[in-house]
Amino acid sequence: MSMMHDIPTLLRSHDLRLTPQRLTVAGLVLSKQAHVTARGVYQQLKDDHPALSMNTVYLTLGQFEACGLLQRFEMNGNAVFDSNTARHDHASCSRCATIIDLPGEEDEPPWIPASLLDWQIQSEQRIWTGLCPACRTDSDSAQLSD
Ligand SMILES: [Zn+2]
Ligand SMILES: [Zn+2]
């Protein structure tokens, strides 16, 4: 997304009517770099917005995805919505669940496995998993103290 626009301008430019739910959800997920699940967004908003339902959050995120404001990927069986819509891979920490972006080279053609050469590939995305530096340090020091 472009950070040049404020949220109402951004929504209007994607032919989305300005509803309170859209403005609320957009304020959380489109105003900064975010990797969110519908449940996570709902948890963060429900206290201040009691009228908002989990289903509305999910539908709203789907609308943002459909018009290109978010992209979506699956991680551990959850749909994760990403405000970075450029092609990129992810790394996920298996302990603290942090997700970081691995920027891809826009011009670089994606590497395609030989068994997919007959396919017309529309997208590809890799998720690297492991321990992030903070969790890795924790596990190293835990081992030393044993
Ligand atoms: Zn971690
Ligand atoms: Zn991302």
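**Notebook: zinc site, helix packing, salt bridges**

**Entry 1, His90 and the zinc ion.** I began with His90, which is buried at a relative accessible area of 0%. The model I am reading is a predicted one. I then looked up what holds the zinc ion (ligand 2). Its protein donors are His35, His88 and His90, each through NE2, and Asp82 and Asp101 through OD. They lie 2.0 to 2.2 Å from the ion. Along the chain I noted their spacing as H-x46-D-x5-H-x1-H-x10-D. I placed His90 in strand β4 (residues 88–93) and Asp101 in strand β5 (residues 99–103), so this pair ties together parts that are 11 residues apart in sequence.

**Entry 2, the chain as a whole.** I counted 5 helices and 6 strands in the protein chain. Read from the N terminus, the order of elements is α-α-β-α-α-β-β-β-β-β-α. The chain has 146 residues, and 29% of them count as buried. I also looked up how the contacts are spread over sequence distance. Among contacts with a separation of 6 or more, 48% join residues 24 or more positions apart.

**Entry 3, α2 against α4.** At what angle do helix α2 and helix α4 pack? I read about 70° between α2 (residues 20–29) and α4 (residues 54–66), with the axes 10 Å apart. The range for roughly perpendicular is 65 to 115 degrees, and α2 therefore counts as roughly perpendicular to α4. From α2, the residues in this contact are Gln21, Arg22, Val25, Ala26 and Val29. From α4, they are Thr56, Thr60, Leu61, Gln63 and Phe64. By class I sorted the contact residues of the two helices into 5 nonpolar, 4 polar and 1 charged.

**Entry 4, the buried side of α2.** I listed the buried residues of α2 as Arg22, Thr24, Val25, Ala26, Leu28 and Val29. As a group they pack against α1 (7–13), β1 (35–36), α3 (38–45) and α4. As a reminder to myself, an α-helix has 3.6 residues a turn, so residues three or four places apart point the same way. I then took Thr24, a residue of helix α2, on its own. Thr24 has 19% relative accessibility and counts as buried because the cut-off is under 20%. Beyond its neighbours within four places in sequence, Thr24 is in contact with Leu45 and His49.

**Entry 5, Leu52.** Next I looked at the loop between α3 and α4, where Leu52 is found. Is Leu52 buried or exposed? I read 9% relative accessibility, and Leu52 counts as buried. Leaving out neighbours within four places in sequence, its contacts are Gln21, Tyr42, Leu45 and Val57. Of these, Gln21 is also one of the α2 residues that meet α4, and Leu45 is also a contact of Thr24. I checked one C-alpha separation here: Leu52 and Val25 are 27 residues apart along the chain, and their C-alpha atoms are separated by 9.7 Å.

**Entry 6, salt bridges.** How many salt bridges does a search of the whole structure find? I found 2. One joins the side chains of Arg72 and Glu65 at 3.5 Å, N to O. Arg72 counts as partly exposed at 31% relative accessibility, and Glu65 is partly exposed with a relative accessible area of 29%. The other joins the side chains of Arg126 and Asp89 at 3.2 Å, N to O. This pair links distant parts of the chain, 37 residues apart: Arg126 is in the loop between β5 and β6 (127–130), and Asp89 is in strand β4. Arg126 is partly exposed at 36% relative accessible area, whereas Asp89 is buried at 10%. I note that strand β4 also holds the zinc donor His90.

**Entry 7, positive phi.** Last, I looked up non-glycine residues with a positive phi. Asn76 has a phi of about 50° and is not a glycine. Its place is in the loop between β2 (71–75) and β3 (78–82). Asn76 is exposed, at 73% relative accessible area. Ala97, also not a glycine, has a positive phi of about 70°. Where does Ala97 sit? I located Ala97 in the loop between β4 and β5. At 52% relative accessibility, Ala97 counts as exposed because the cut-off is over 50%. The strands on either side of that loop, β4 and β5, carry the zinc donors His90 and Asp101.

Notes:
Residues numbered from 1 in each chain as written. Chains lettered and ligands numbered in written order. Predicted model: local features only at pLDDT ≥ 70, side-chain atom pairs only at ≥ 80, totals over all residues. Heavy atoms only, no water. Donors = N, O, S within 2.8 Å, 3.2 Å for Na, K, Ca; no water. Helix = DSSP H or I, 4+ residues; strand = E, 2+ residues; numbered from the N terminus. Buried < 20%, exposed > 50% of the residue type's maximum accessible area, 1.4 Å probe, protein only. Axes fitted to C-alpha atoms, helices over the stretch in contact; angles between N-to-C directions. Parallel < 35°, antiparallel > 145°, perpendicular 65-115°, else oblique. Contact = heavy atoms within 4.5 Å. Nonpolar A, V, L, I, M, F, W, Y, C, P; charged D, E, K, R; others polar. Salt bridge = Lys/Arg side-chain N within 4 Å of Asp/Glu carboxyl O.
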